[in-house]
Amino acid sequence: MRKGILCSTMVLGLVLTLCTAVLAQDTTVTTRTVVQNPDGSWSVIEYPVGKEVVVNLAPGATIKSAKGMAHIIRSADGTRVMLDLNGVMGADNFYAYAVDPSGAPTLLGPVIVQNGIAKAEFSTPLNQFMLVLSPTQGLTAFDTSTPVLFRSELPTGYAVVPRVRTGESNAVATAEAIASTYEVPLLNVPSFKDDTEVRVKFDGDLQGLDGKAYIDPKGGKTTIKMRFSDMKKVPTNKRFVLWARSADGQYTKLGQVINTGGRDEGEIRSETALKDFGLFLTVEDVEVNTPTSKIYSVFTIQRANP
């Protein structure tokens, strides 16, 4: 009898041990899936078009009892950000920023506190960002030393957009993360004779924007001269960035034109030591060192008529 009880006890203990191990494994997997950064200091996500995303705003050390939420709605012409804060005691008015994948903050506007409550609404052309509310006016960069009153947390079901590390050679980490985004075939540049013309044409909302580039490989380097026309047909304050994509999937920024609305044409001149490459344009909202936009178009060779 005692032997049977002992066996039963041992079996029960083994089952409990196995269950505990399984639960611990499940918890670990869930944590790794949802919490992209252990300290939560980087929570840039891409907001989907036509869907309201509710984001919790984590309070900083100076206002731990405060609560904050943001309702973010992205549409075809921009992104609305609506803030709702309460319990903000001991803090005066502060400033809301959208921090993009490069860590660059864009000022959304001031947030005015009355009796511990603050509501504000802003708009931004960005589609990938995290929210940072700071007492600092004129914030130029975001890092661990930035004074923060609130910071957006990672919403459930969303993945963090990797940070672009300036100074990394070819921004390897970011390029690997987005390498599958752009389908850019090589142009077979070694076969070009003198100035070979390639063209780019956008469609959709940017229909009407056309560009020509002249590629001239000579003396171990290739010169690229690119011209836009009809820039007045597209939104102002957009950056049209010219990139070369190498055979191994690395991106090189060749130059950019910002549509200020005051001119109809633009030009980029650059050169590269790449032996062969693909050429494409992205439309960026802010200064970038690697391509981030989903709006892009590829240059193709124009064949002469027979």
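## A strand-rich chain with two cores

The protein chain carries 2 helices and 18 strands, and what you're looking at is a predicted model. Of its 306 residues, 41% are buried. Take the contacts with a separation of 6 or more: 62% of them link residues 24 or more positions apart. The accessible surface adds up to about 17100 Å², and carbon and sulfur atoms hold 53% of that.

**Nonpolar cores**

- The largest nonpolar core has 39 residues, and the ones touching the most other members are Leu-83, Leu-85, Val-88, Val-111, Leu-131 and Phe-150.
- Plenty of strands chip in: β2 (52-59), β3 (67-75), β4 (78-86), β5 (94-99), β6 (105-111), β7 (118-124), β8 (128-134) and β13 (239-245) each give two or more residues to this core.
- There's another core lying apart from it, made of 24 residues, including Ala-213, Phe-277, Leu-281 and Phe-299.
- As background, nonpolar side chains tend to be buried together in soluble globular proteins.
- For a look inside the largest core, try Val-111: leaving out residues up to four places away in sequence, Val-111 touches Leu-83, Leu-85, Asn-93, Phe-94, Tyr-95, Ala-96, Ala-118, Ala-120 and Phe-122.

**Around β3, β4 and β7**

- β3 and β4 make a hairpin, with 2 residues between them.
- Their pairing is antiparallel and runs over 9 bridges, with His-71 opposite Met-82 in β4.
- β4 also pairs with β7, again antiparallel, through 7 bridges; here Val-81 sits opposite Phe-122 in β7.
- That Phe-122 is also one of the residues that Val-111 touches.

**The five-stranded open sheet**

- Five strands line up as β15-β12-β11-β10-β18 in an open sheet with antiparallel pairing.
- The edges belong to β15 and β18 (300-301): each has a single partner strand, so one side of each has no neighbour in the sheet.
- Strand β11 (residues 210-218) and β12 are antiparallel and share 9 bridges, and Lys-218 faces Lys-221 of β12 across the pairing.
- On to the next pair: strand β12 (residues 221-229) is joined to β15 by 7 bridges, also antiparallel, and Thr-223 has Glu-271 of β15 as its bridge partner.

**Two faces of β15**

- In a regular strand, side chains alternate between the two faces of the sheet.
- Strand β15 (residues 266-272) shows this alternation: Gly-266, Ile-268, Ser-270 and Thr-272 point to one face and are buried, whereas Glu-267, Arg-269 and Glu-271 point to the other and are not.
- So Glu-271, the bridge partner of Thr-223, belongs to the face of β15 that is not buried.

**The largest pocket**

- The largest pocket holds about 800 Å³ of space.
- Its lining counts 38 residues, with Pro-125, Asn-127, Lys-238, Asp-285 and Ile-295 the closest to its centre.
- Two or more lining residues come from each of β3, β4, β16 (278-284) and β17 (296-298).
- β3 and β4 turn up here as well as among the elements that supply the largest core.

**An exposed glycine**

- Gly-90 belongs to the loop between β4 and β5.
- Its relative accessibility is 90%, so Gly-90 counts as exposed, the cut-off being over 50%.
- Gly-90 and Ile-63 are 27 residues apart along the chain, yet 7.3 Å separates their C-alpha atoms.

Notes: Residues are numbered from 1 along each chain as its sequence is written. This is a predicted model: local features need pLDDT of at least 70, side-chain atom pairs count only at pLDDT 80 or more; totals for chains, interfaces and linings use all residues. Side-chain values use heavy atoms; hydrogens and water are left out. A nonpolar core is a set of buried Ala, Val, Leu, Ile, Met, Phe, Trp, Tyr and Cys residues joined through side-chain atoms within 4.5 Å. Buried means under 20% relative accessible area, exposed over 50%, partly exposed in between (1.4 Å probe, protein chains only). Helices (H or I, at least four residues) and strands (E, at least two) are DSSP runs, numbered from the N terminus. Contact means heavy atoms within 4.5 Å. Two strands pair if DSSP finds at least two bridges between them. Accessible areas come from the Shrake-Rupley method with a 1.4 Å probe; for residues, only the protein chains shown count as cover. On a 1 Å grid over the protein atoms alone, a cavity is a set of points where a 1.4 Å probe fits but cannot get out, and a pocket is an open set with protein on both sides within 12 Å along at least five of seven lines; lining residues have an atom within 4 Å of a point. Grid points are joined across faces, edges and corners, and a volume is the space filled by probe spheres set on the points.
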